[in-house]
Structures are given as C-alpha cells and as structure tokens.
Amino acid sequence: MIDDLSGGLTARHPVEDDHSRVLAVVDAWWGGLKGEAGALERALLLPRLYFQHFTTTSFVVERDGGDGEDRGEGDGQLVAFLVGFLSQTEPDAAYVHFVGVDPGLHGQGVGRSLYRAFFALARSHGRRYVHCITSPQNTASQSFHARLGFTSSAVKPDYDGPGLDRVAFTIDLAAS
C-alpha cells in the first residue's frame, strides 16, 4: 500500500477499532501542546466517524511484531496515521484532516510517505489540490508542510470557532 516505508513498518487502511488506538497515543505524540485544552481539542477533532466513514482515504502505519510478519489489522504497534478524505463540495480537492507520527520516527520519512500515498490516492480520483490546517502553535507542522511544498496562509483567527485560530495549507498536485 505504501512502498517507501522503512523496514518493519506496514501501512493499511484503518478500521473502527483503530479509533481508540489513535486516541491513546495522540496526546503523547503532541507533547502536551496547549495543555488540557489542547488534549480536548485533539480528541474532539478525531471522532469515531472518521474511522467508520473515511477509511478508504485514510491510513495507519504499524511496526510489525518483530518477526517480519504482518498478522493483520491492529496486530502491530501504531506508529503513524493519516485521516483524509475527498472533498464533497470541491471536485478537484482532497483534504488531510489529521496526521500523527510517533516522535521517535520524526525525520525518518514516515510522514512524507503518508502524504505521498494520500497524494497518489487523490490524483487517482482526479483531485488536483490537497488542503489541510494546523494550529499556529504547531510550528513543527508548519515547517513540515512547507518542506512538502504546501503554501500557507496567514493565521486565520477563530477559523474553527472562538479562540481556535488556524494556518491553512494548499498544495497543487499538478505542480508537484
């Protein structure tokens, strides 16, 4: 499914049971960004519906059991995920809703591999643009998206509600 992952890592589309697995790691992976309010915000951004209705456009990455064998859904240690979907209202767009990579794997190409897989999926469905957002405090995410070739907006105050400012990103797949 994703060919350029390092040894011992495998990717698949998520299943509903992955919802609790993702919620169990997301706060640790974000290093407590924005404290308790940030933890609640992240949990609210990842409701179960994404693991029920957007599985064919999303991915999870796991470390295999150590013996090189992929034993099926949910058998390995979760090390990364990408939740994305094809826009219902913009026929030329796709959207990356939430991405997480175990901090121990930062800089090893896992996030880039997830995005490349999503870009390929979006292209296969005739999509030209991919959009996503992050909080202004998440400077690591902003740098990562810039390295991938996304253009960014200025901070959009109250984008997701009062006090929930965001930075928006877009990449033109025809240009990348």
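Which residues does Val-99 touch, not counting residues up to four places away in sequence? The first legend takes that up, and the model shown in every view is a predicted one.

**View 1. Val-99 and its neighbours in strand E4 of the predicted model.** Val-99 sits in strand E4. Leaving out residues up to four places away in sequence, Val-99 touches Trp-30, Phe-81, Leu-82, Leu-114 and Tyr-115. For a sense of scale, take Asp-4: Val-99 and Asp-4 are 95 residues apart along the chain, and their C-alpha atoms are separated by 18 Å.

**View 2. The largest pocket, with about 930 Å³ of space.** Here's the pocket that Val-99 helps to line: 36 residues make up the lining, and those closest to the centre are Trp-30, Val-99, Asn-138, Ser-141 and His-145. Two or more lining residues come from each of helix H2 (35–45), strand E4 (93–101), helix H4 (110–124), strand E5 (129–134) and helix H5 (139–148). E4 chips in the largest share, with seven residues. Sort the lining by class and you get 16 nonpolar, 13 polar and seven charged residues.

**View 3. The largest nonpolar core, built from 31 residues.** Phe-59, Val-61, Tyr-115, Val-130 and Phe-150 have the most contacts inside this core. Plenty of elements pitch in with two or more residues, namely strand E1 (9–12), strand E2 (59–63), strand E3 (77–86), E4, H4, E5, H5 and strand E7 (167–172). H4 gives the largest share, eight residues. Apart from this core lies another one of 17 residues, including Val-26, Val-60, Val-83 and Ala-168.

**View 4. Phe-59 and what it touches.** Zoom in on Phe-59, one of the residues with the most contacts inside the largest nonpolar core. Setting aside residues up to four places away in sequence, the contacts of Phe-59 are Met-1, Ile-2, Arg-12, His-13, Pro-14, Phe-81, Leu-82, Leu-114, Ala-117, Phe-118 and Leu-121.

**View 5. The two sides of helix H5.** Ser-141, Phe-144, His-145 and Leu-148 are the buried residues to look for in H5. Seen down the helix axis, the buried residues of H5 fall within an arc of 95 degrees, so they line one face of the helix. An α-helix has 3.6 residues a turn, so residues three or four places apart point the same way. On the other side of H5, Thr-139 and Arg-147 are exposed. The cover over the buried residues of H5 includes H4, E5 and E7. Just past the end of H5 comes Gly-149, with a positive phi of about 105 degrees.

**View 6. His-19 in helix H1.** This histidine belongs to H1, which spans residues 18–29. His-19 counts as buried because its relative accessible area is 10%, under the 20% cut-off. Not counting residues up to four places away in sequence, His-19 touches Leu-46, Pro-47, Arg-48 and Phe-51.

**View 7. Asp-158 in the loop between strand E6 (151–152) and E7.** The backbone is the thing to look at here. Most residues other than glycine have a negative phi. Asp-158, though, has a positive phi, near 55 degrees. At 43% relative accessibility, Asp-158 counts as partly exposed, because that value falls between the 20% and 50% cut-offs.

Notes:
Residues are numbered from 1 along each chain as its sequence is written. This is a predicted model: local features need pLDDT of at least 70, side-chain atom pairs count only at pLDDT 80 or more; totals for chains, interfaces and linings use all residues. Side-chain values use heavy atoms; hydrogens and water are left out. On a 1 Å grid over the protein atoms alone, a cavity is a set of points where a 1.4 Å probe fits but cannot get out, and a pocket is an open set with protein on both sides within 12 Å along at least five of seven lines; lining residues have an atom within 4 Å of a point. Grid points are joined across faces, edges and corners, and a volume is the space filled by probe spheres set on the points. Helices (H or I, at least four residues) and strands (E, at least two) are DSSP runs, numbered from the N terminus. Ala, Val, Leu, Ile, Met, Phe, Trp, Tyr, Cys and Pro count as nonpolar, Asp, Glu, Lys and Arg as charged, and the others, Gly among them, as polar. A nonpolar core is a set of buried Ala, Val, Leu, Ile, Met, Phe, Trp, Tyr and Cys residues joined through side-chain atoms within 4.5 Å. Buried means under 20% relative accessible area, exposed over 50%, partly exposed in between (1.4 Å probe, protein chains only). Contact means heavy atoms within 4.5 Å. The arc is that of the directions from the helix axis to the C-beta atoms.
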